[in-house]
Amino acid sequence: MTNSPLTLIEVEALARSAHEGQTDKAGRPYAEHLAAVAEGVRLRGGSPEQQAAAWLHDAIEDEALSLTWLDSAELPQTVKAMVLALTKRPGEPVEQYAARILATPGALLVKESDLAHNADPVRLSVLDDATRDRLSAKYANIRSLLGLTTP
C-alpha cells in the first residue's frame with residue numbers, strides 16, 4: 001500500500017525547511033524566491049503539480065534535498081520529472097538544459113516563472129553592476145533558448 005502524495009502545503013513546508021538559512025544573491029531568505037516562483041506559476045494558470053515543482057525547483061541543485069530523497073518522495077512522477085528537468089547539472093551546456101526543460105511536460109511554465117522573478121528589476125537593483133549585467137544576459141539567453149519572448 002502506498003502513502004498519498006504530499007499536499008501542496010506539505011511541499012511548501014518541506015521546501016521552506018530544506019532551504020532554511022539560505023539566502024539569494026541579494027541576501028534575502030531563499031524561501032521568498034520559492035514562494036514568488038510558486039505564486040507566479042499559480043497566476044500563470046499552473047497546476048498544483050507545477051506549483052509543487054516550483055517550490056522544489058532548486059532543492060536538488062542547491063543541495064537542500066538529495067536525489068535519493070526525490071526518488072523516494074511521495075510525489076507524483078510528473079512533479080519529480082519537472083524538478084529533475086529544472087535541475088542544472090554541473091558543467092552542463094545551457095542548450096542541453098533548455099532542451100530538457102522543453103521536453104518535460106509542465107517544466108517550461110515553472111522556468112518561465114523562475115526567470116520572471118530572477119529578472120525582476122527590483123531584485124536586480126540591489127546587485128552590483130557587473131553581477132546585474134551578467135545575470136541579465138544569462139536570463140535573456142535562457143529565455144531565448146526556451147522561446148520565451150517577454151519577461
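This is a short tour of a predicted model, going from the whole chain to one leucine.

**Whole chain**

Start with the full chain in cartoon view. Nine helices and zero strands make up its secondary structure, so from the N terminus the order reads α-α-α-α-α-α-α-α-α. The radius of gyration is 15 Å, close to the 15 Å that the globule rule gives for 151 residues, so the chain is as compact as a globular protein of that length. Along the principal axes, a box of roughly 55 × 35 × 30 Å holds the C-alpha atoms.

**Surface and interior**

Switch to a surface next. The chain exposes about 8,100 Å², and 55% of that area is supplied by carbon and sulfur atoms. Of the 151 residues, 40% are buried. Turn on contacts: among those with a separation of 6 or more, 59% join residues 24 or more positions apart.

**Charges**

Colour the charged side chains. There are 15 positive and 21 negative ones, and the centres of the two sets lie 4 Å apart.

**Leucine 14**

Now select helix α1, residues 8-18, and pick out leucine 14 within it. Is leucine 14 buried or partly exposed? Its relative accessible area is 25%, so leucine 14 counts as partly exposed; the cut-off for buried is under 20%.

Show the residues around leucine 14. Which ones does leucine 14 touch, leaving aside neighbours within four places in sequence? They are Leu56, Leu65 and Trp69. To finish, draw a C-alpha to C-alpha distance from leucine 14 to leucine 56: the two are 42 residues apart in sequence and 8.8 Å apart in space.

Terms used:
Residues are numbered from 1 along each chain as its sequence is written. This is a predicted model: local features need pLDDT of at least 70, side-chain atom pairs count only at pLDDT 80 or more; totals for chains, interfaces and linings use all residues. Side-chain values use heavy atoms; hydrogens and water are left out. Helices (H or I, at least four residues) and strands (E, at least two) are DSSP runs, numbered from the N terminus. The radius of gyration is taken over C-alpha atoms; the globule rule is 2.2 Å times the number of residues to the power 0.38. Buried means under 20% relative accessible area, exposed over 50%, partly exposed in between (1.4 Å probe, protein chains only). Contact means heavy atoms within 4.5 Å. Accessible areas come from the Shrake-Rupley method with a 1.4 Å probe; for residues, only the protein chains shown count as cover. Lys and Arg count as positive and Asp and Glu as negative; His and the chain ends are not counted. The place of a charge is taken as NZ of Lys, CZ of Arg, CG of Asp or CD of Glu.
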